[in-house]
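Student: I am new to this structure and should be grateful for a close look at one part of it, namely its aromatic rings. Please place that part within the whole as well.

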Amino acid sequence: PVEAQAEAKRGAAGGDDAEEEELRMRHRPRIRNWATQNGKPKPLMNLLSTLDQVLYPGAKWKGYSIGDLLEPKKVRVAYLKAMTVVHADKITRYNLSLEHQVIAGLICSHLNEAYEVFKQENGL
């Protein structure tokens with residue numbers, strides 16, 4: 001569902017071309033595998049603590065352990081920092097290749113979905 005929304009936005013923006021779609025198809029299974037377990041989304045803490053496993057090379061991400069993310073406030077801070085390396089509006093300054101932009105977009109979609117669940121669970 002999240003990926004479909006992201007694709008609809010990209011399509012509306014006119015950014016859909018054959019190369020971008022091929023890159024999405026290539027990276028989607030790896031990102032989905034990172035973001036889900038047994039078909040269900042993983043908790044935001046898990047995603048943030050393993051983000052370095054799926055990020056594009058050269059991303060400015062310091063990483064977090066699960067132990068760093070035991071308090072909701074710290075999870076929120078880590079999420080906001082993660083957005084600086086995956087959100088389309090934030091990564092334009094990095095002059096990323098199309099492939100790295102696609103990877104970031106897929107990651108961003110899953111992080112956003114997990115953050116919505118996290119907010120509901122923690123009354124934020």
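How many helices and strands does the chain have, and which residues do ring pairs link into a cluster?

Tutor: The model is a predicted one, in which local features need pLDDT of at least 70 and side-chain atom pairs count only at pLDDT 80 or more, while totals for chains, interfaces and linings use all residues. Residues are numbered from 1 along each chain as its sequence is written, and side-chain values use heavy atoms, with hydrogens and water left out.

The chain has 6 helices and 2 strands; helices (H or I, at least four residues) and strands (E, at least two) are DSSP runs, numbered from the N terminus. Read from that end, the order of the elements is α-α-β-β-α-α-α-α. Of the 124 residues, 39% count as buried, where buried means under 20% relative accessible area, exposed over 50%, and partly exposed in between (1.4 Å probe, protein chains only). Contacts, meaning heavy atoms within 4.5 Å, often span the sequence: among those with a separation of 6 or more, 60% join residues 24 or more positions apart.

We now turn to the rings. A pair of aromatic rings is described by the distance of the centres and the angle of the planes. Rings of Phe, Tyr and Trp (its six-membered ring) pair if their centres lie within 6.5 Å; planes under 30 degrees apart count as stacked, over 60 as edge-to-face and the rest as tilted. By this rule there are 3 aromatic pairs. One of them joins Y79 and Y115, which are stacked with 3.9 Å from centre to centre and 5° between the planes. Because Y79 lies in helix α4 (residues 72-86) and Y115 in helix α6 (residues 98-122), this pair ties together parts that are 36 residues apart in sequence. Both partners are covered by the definition of buried: Y79 has a relative accessible area of 7%, and Y115 has 9%.

Y115 also forms a stacked pair with F118, at 6.1 Å centre to centre and 25° between the planes. These two residues are 3 residues apart in helix α6, so about one helical turn separates Y115 from F118. F118 is buried too, with a relative accessibility of 7%. The answer to the second question is therefore that ring pairs link Y79, Y115 and F118 into a cluster.

Another ring is approached by a charge. The charged end of K62 sits over the ring of Y64, 4.6 Å from the ring centre; such a placement requires NZ of Lys or CZ of Arg within 6 Å of the ring centre and within 35 degrees of the ring normal.

Helix α6, which carries two residues of the cluster, also holds a salt bridge. The side chains of K119 and E116 meet there at 3.2 Å, N to O, a salt bridge being a side-chain nitrogen of Lys or Arg within 4 Å of a carboxyl oxygen of Asp or Glu. K119 and E116 are 3 residues apart in this helix, about one turn. K119 is partly exposed at 23% relative accessibility, and E116 is partly exposed at 41%. The structure holds 6 salt bridges, including one between R26 and E22, with the closest N and O atoms 3.0 Å apart.

Just before helix α6, N95 lies in the loop between α5 (88-91) and α6. N95 has a positive phi of about 50° although it is not a glycine, and N95 is exposed, with a relative accessible area of 70%. Most residues other than glycine have a negative phi, and most peptide bonds are trans.

Finally, a word on confidence: pLDDT is the predictor's confidence in each residue, from 0 to 100. Its mean over the chain is 87, and 87% of the residues reach 70 or more. Among the elements, helix α1 (residues 2-13) has the lowest mean, 48, and helix α3 (residues 44-49) the highest, 96. Over residues 8-14 the pLDDT is below 50, and this stretch has 5 contacts in the model beyond near neighbours in sequence. Where pLDDT is low, the predicted coordinates should not be read in detail.
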